[in-house]
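Thanks for coming, everyone. Let's put the structure up and walk through a few spots in it.

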Amino acid sequence: MINSPKLKLLFFKKRILLIFFFLCGFIPIYGQSVNITGIVKDAVGTPLPGVNVIEKGTSNGVATDFDGNFSISSNNNEPILVFTYLGFTKKEIAINGQTSFNVVLEEDLNQLDEVVVVGYGTQKKGDLTGAIATVKEEDFSPGVNSNASDLLKGTASGVSVTSASSAPGDAPVVRIRGAGSINSSNGVLYVVDGLPGISPNDLSPGDIESIEVLKDASAAAIYGTRAANGVILITTKKGKEGKAIFSYSTYTGIQDVPKTIDVLDATDYKKMVNQRLEFRGDELAYSEEDILGTDVSTNWQDEIFRTAFVNNHQLSASGGTKTGSYYVGLNYFDQDGVIDNTGTQKYNIRTNIESEPLEDLKMSFGINYTEETINSAYSQGADGGLITSAIRATPIVPTGIDAETGRFYDVIPTAQDNPLAFIYGRDDENVRRRFYATFNTDYEIVDNLTATLRLGAESNNSRRDVYSNRLSNGGLANGGIASISTGESRHWLVETLLKYENTFSEKHDFSVLGGATWEKFDNKGFGGNVRGFISDVLGSNSLQSGDGDEGDNLSSSRTVNQLNGFLGRMTYSFDNRYLLTASFRVDGSSRFAEDNKYAFFPSASVGWRIDQEKFMENTDWINQLKIRVGYGELGNQGINNFETRQTLVPGGNSVFGGSVVQGVVPARLPNPDLTWETTSETNIGFDYGFLNNRISGSIDYFYRVTADQLFNKPLPSTVGFGSVRTNIGEVLNTGIDFSLSTKNFVKENFNWNTTLNLSYLKNETLELPDFTEQIIGGNAGNFITGYYIIEEGSPMFSYYGYTIEGLFQEGDDIANTPTPTEGYKPGMPKFKDVNGDGTINADDRAIIGNPFPKFSYGVRNTFGFHNFTLDVFIYGVEDVDTFSNDIAESIYPVNTTTNTISKYYDDRWTPDNTTTLIPSGEDYSLYAGGYAVNNLTVVDASYVRLKNVTLAYQVLLNNSFISSLKLFIAGDNLVTWTDFEGYDPEASVSGGSVSARSYNSYPSSRVFRLGLDIKF
């Protein structure tokens, strides 16, 4: 990794020039072009708009206009045109010197729909009865995507993809149709080429062919045990019959932070400190001369943030014959963070090989290896994280090294590290190596009966080295602190399947699938922490050099668990009109006791293709019309090993026979009656396509109940354990998923297409245990606790606090108005007396915010003009809230010397500024603590983001060895429209937890990229 900013800039400029001159070498290469025109119609003579007309072997193509006309230019003397249109057979026409054509496409009911990947197989899209969203490569969410999950953002209704932190290497949080589990996992199951449990970060996005999202229970139930939160199927690219194709795509970009938080400069900071001291009756810290004579004013955000670079290279080769194919992909991704000393480098290699050695035997083999190095910073949190430090640190301290100490200058408060010490006083490197392989064999025993054997293996290894040197306060106090943690995980899969499918009397399509699965997981961990080093030179590379005091510790662990199951599915279609799908899964988990080890997960769904009915034959404007209804049950085994049985762990020491002996204690209070958390869901869907599918999409309504919650039941302290896991509680998620695709304008040299994905979600806690009516929790730091509540009739983890109706003014009868305590003055908040008892206390808290967005949407417009393509992608969420620690600390500072957001000082209440809602700051301890959770600190986190704008140019080439060349320039995260005052409204210091709060997570970057795609 190139660390010097100057070298990075030089490298970036050279890449730009290299791409420019490379293109200049090919752009002028034009031969004698030929213009070919024509019209495309169906068998009855109706013009077909939007038909893809592609010159075979190239990416040169157009679409027919509304009247079915097309015009395409070719530099090939004898081009072949390929015509494709949904619901019609593909047609190839050799030009042979002719320049005008009347093309007729034949409707093919047997290939009316594209093939969609489903659990343990494929189906035609028209035969689907469950709620499945398919996202093809051309529809992936654009941007700097190092994780496969990023490709789904805004591209599939009902799927939420958020970045709790945008630090390089951090994974996004993905949820399908909300969250249903209170104490257990809400994570989705990823299945890559049939192997479940693969991390989406282990793939190169350039190797992915398509992504299918199994959103409802009827579609996902065949995965049983881990499908409670939805399933995402990822299919990687395979080779195709034909000549070898070599592809190379690359981009280089610059990143910056699009928004910083406005904090006080040195002059206003000194005034603020004086005011805080004056409110306390203490001596002022700064004289008028000190304030006016300020010569140092440091904005620490300017010091920690930087312009950073990102580069991506994807190289692939593919090809095949009638009996086999191959695909090889290589990827290198290098992203520097917008904070110095952070970034990630990732290498990925993928190979897919398919072979048909016998007519009845098909074999496939795939391997994937990823190596990633992540350099991190302690960027967030209440305990003095880097970005929090940059906001709170005093601006009157210079940025350099103190000549007397050889360290960064101390900031106020002195217990907090200088923001630069967070960067240069701590090294944090995590190296991950991940490998997995799949082997698949399909053997047709007799006609229509196929046996499948699938083997899979996965191996993950990681090592994280962290060292705090003497530039940090902790490193100085402890003589350096080093820690090393390693992890090893192994995963094995064996699946055997048997499938029979056939068509009877040309109207009855029938298939049945049965199988058994077995999986084993083996995880090991080791950690060591040592302090007291003579020097910082070796960092974490010599743990034995520590002083060996009691601050050192070692730990290790190993866990093993197994899953095995049996599955089945039956599909039936009558006359391509009436559809039925039924499936089951029986899963067993070693985590549960013998009596509850196995669980049964059934599903069934039906569909009616109204467009295939005889009474619809003359309705030419309707192309697709289908109703789907489905029900299914899913399981969640999201507990730790041994929660159903007792084990012993090391406890206190005792002396026996003059020797110290290690003691053991029970590890937990087990619950042998614990069973699966179960999600049941009903889905009603409607698929449509009008005007030759110029307008198409789907609408789904879902009703999902998660019952038998794997709940941590609190216990009295006399028991000796804080909680025990039980099956109690229900949560409901209900909503609507809507998708729309339109071809707005289709002409010879101009086209405009739009896709819209919209989701509505309502989350509600239906039932809590008898022993509690509500659960109040959450620690926001700085003595602020209990910021969320779980109670029946409300969303999980709703924000729970006080409502400030205004501020007390001079002349108000404060003494006879309910207040939290005595001593109230003008400029202090006036809290709402919710229960009307004349006092302000904890009983006046109410729900003041919702962590679940009510609406989320993605809108993508694609414009084509000659060889130019402009793509504009907007993403947003509405009606969602978050708790802001920055606002809380500005209104309720931890001490008199911390800096603050400018607004909360400049617009505070004063006798001359009485229309504000920001308290004066005087004696804020009277309304701090739990009162800090209120409608000033719980804020609206809705936003609309211009996520991507891409302008591409397809270069016309003659008969060179290059078959396709595209140049593009793109901007990511260009503008965000929001009332949220922090860095990023979707970020959360709580990570993937539903109980989100904003506290200076690593900010998202604005990116400008230049790249090219080339094929040989």
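Where is the place of Asp193? Find the loop between β13 and β14, where β14 covers 195–196. Asp193 sits in that loop. Before going on, a reminder: this is a predicted model. Now look at the backbone. Asp193 has a positive phi of about 50°, although it is not a glycine.

Asn576 belongs in this part of the talk too. Its phi is near 60°, again a positive value in a residue other than glycine. Which loop holds Asn576? The loop between β26 (553–574) and β27 (578–589). Is Asn576 buried or exposed? Its relative accessible area is 13%, so Asn576 is buried, because buried means under 20%.

Next, the second largest pocket. About 720 Å³ of space lies in it. There are 24 residues in the lining. Which of them are closest to the centre of the pocket? Val188, Leu189, Gly197, Arg226 and Phe521.

Which strands build that lining? At least two residues each come from β13 (189–192), β23 (449–468), β24 (481–504) and β25 (508–531). You met β13 a moment ago, beside the loop of Asp193. Which strand gives the most to the lining? That is β24, with three residues. By residue type, the lining of this pocket has 14 polar, six nonpolar and four charged residues.

Now salt bridges. How many salt bridges does a search of the whole structure find? The search finds 42. Let's take three pairs.

Pair one is Glu372 with Arg434. Their side chains meet in a salt bridge at 3.2 Å, N to O. Glu372 lies in strand β21 (residues 361–375) and Arg434 in strand β22 (residues 426–446), so the pair ties together parts 62 residues apart in sequence. Both partners are covered. Glu372 counts as buried, at 2% relative accessibility. Arg434 is buried as well, with a relative accessible area of 9%.

Pair two is Asp465 with Arg463. Here the side chains meet at 2.7 Å, N to O. The two partners fall into separate classes. Asp465 is buried, with a relative accessible area of 13%. Arg463 counts as partly exposed, at 36% relative accessibility. Why is that? The value for Arg463 is 36%, and partly exposed runs between the 20% limit for buried and the 50% limit for exposed.

Pair three is Asp687 with Arg628. This salt bridge is 3.0 Å, N to O. The pair links distant parts of the chain, with Asp687 in strand β32 (residues 677–690) and Arg628 in strand β29 (residues 622–636), 59 residues apart. Asp687 is buried, with a relative accessible area of 16%. Arg628 counts as buried too, at 2% relative accessibility.

Some salt bridges join into a network. Which residues are linked in this way? Arg177, Lys215, Glu681, Arg704 and Asp737.

One last stop: Ser389. Find helix α6, residues 386–392, and Ser389 is in it. Is Ser389 buried or exposed? It is buried, with a relative accessible area of 0%. Now pick out Lys854, 465 residues away along the chain from Ser389. The C-alpha atoms of Ser389 and Lys854 are separated by 33 Å.

That's the tour. Try finding Asp193 and its loop between β13 and β14 again on your own screen.

Methods:
Residues are numbered from 1 along each chain as its sequence is written. This is a predicted model: local features need pLDDT of at least 70, side-chain atom pairs count only at pLDDT 80 or more; totals for chains, interfaces and linings use all residues. Side-chain values use heavy atoms; hydrogens and water are left out. Helices (H or I, at least four residues) and strands (E, at least two) are DSSP runs, numbered from the N terminus. Buried means under 20% relative accessible area, exposed over 50%, partly exposed in between (1.4 Å probe, protein chains only). On a 1 Å grid over the protein atoms alone, a cavity is a set of points where a 1.4 Å probe fits but cannot get out, and a pocket is an open set with protein on both sides within 12 Å along at least five of seven lines; lining residues have an atom within 4 Å of a point. Grid points are joined across faces, edges and corners, and a volume is the space filled by probe spheres set on the points. Ala, Val, Leu, Ile, Met, Phe, Trp, Tyr, Cys and Pro count as nonpolar, Asp, Glu, Lys and Arg as charged, and the others, Gly among them, as polar. A salt bridge is a side-chain nitrogen of Lys or Arg within 4 Å of a carboxyl oxygen of Asp or Glu.
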